[in-house]
Amino acid sequence: LNIEKFTMKLLFSALKLSQTNYEWNIPLINEVFCALIKILLSKIHSMQLLDINTNMDDELMMIKIIIESIPSDLYENFLSMTWIELLRLLITSKTFNQYKVSALIIKKLKGLSVQNFYKEFSYEDKVTLLKSLIVNCYETDFIRDIIKEEQEKRNGIRKSKRDLEEEMRITDSRKRELERQEKFTQPQVKVDQLTKRLSTLSEDNPDLTRHQLAKLRKELEHEREQFKSVIKEIDTIENRRIDIMNKIEKLQTEIYDIPTMNKKCL
């Protein structure tokens, strides 16, 4: 709606304003109604007169002529002063009639001031009018584009989540394979044994030449590095698993954070 955030409790209280306390928190209701009406006015602004005329929609024809004659710097003031009459024209038009409003409510709106709106209309009447505007807003390209953009974003996040879950399955499979290998080969034990052998290689092999000792040392170091690489891969895989799990959790939170159509509905 492009207005300051408000709680449902505050909105409820504002909608319950009566003849005795209507002056309290009028701005919130004004802003909500004006914001919704502005969305519908944007749709009317983009419509061709020919389209409106084809539908024989006299109310929209009148609104379009009026809003297009208002200078942009006066538009907000114009809207704040005339939104009740604009609302009446909108809900009586043939284009915006998805949510039926009673003839009595429409009659009450005619020639009404903002102050009298809070005096004359009950909580149920105000909610009915809001519902009418919201239902019609959902039919506009403006809202549909927002919903489409959010749906595409949600689908993109879900795809990333599926890709990560597939990577997790592959990672888990490799981890199990390495754990089985580790159980039989005991790489850490082998690394310790080879390190010990290398530290006493000369003392244990006094009959070998320098060249033979160097060759044997190289072979043992190579073997030790192979076992070390297994240990390193196990650690890397476990770190990657934790990283993937954190990313999946973060993506799930992002999916929940994207507003749904129900969350958007006042």
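Here is a short briefing on the nonpolar core and the charged side chains of this structure.

This is a predicted model, where local features need pLDDT of at least 70, side-chain atom pairs count only at pLDDT 80 or more, and totals for chains, interfaces and linings use all residues. Residues are numbered from 1 along each chain as its sequence is written, and side-chain values use heavy atoms, leaving out hydrogens and water.

**Nonpolar core**
- The largest nonpolar core (buried Ala, Val, Leu, Ile, Met, Phe, Trp, Tyr and Cys residues joined through side-chain atoms within 4.5 Å) has 48 residues, and Phe117 and Leu129 have the most contacts inside it.
- Helix H2 (26–46) is one of the elements giving two or more residues to this core, and H2 provides its largest share, eleven residues; helices here are DSSP runs (H or I) of at least four residues, numbered from the N terminus.

**Salt bridges**
- The count comes to 16 salt bridges, each a side-chain nitrogen of Lys or Arg within 4 Å of a carboxyl oxygen of Asp or Glu.
- Asp172 pairs with Arg241, their closest N and O atoms being 2.4 Å apart.
- This pair links distant parts of the chain, with Asp172 in helix H9 and Arg241 in helix H12 (residues 210–257), 69 residues apart.
- Arg241 is buried at a relative accessible area of 17%, where buried means under 20%, exposed over 50% and partly exposed in between (1.4 Å probe, protein chains only).
- Asp243 and Lys247 also form a salt bridge (3.6 Å, N to O), and a network of salt bridges links both with Glu167 and Arg240.
- Asp243 is partly exposed at 31%, and so is Lys247 at 38%.
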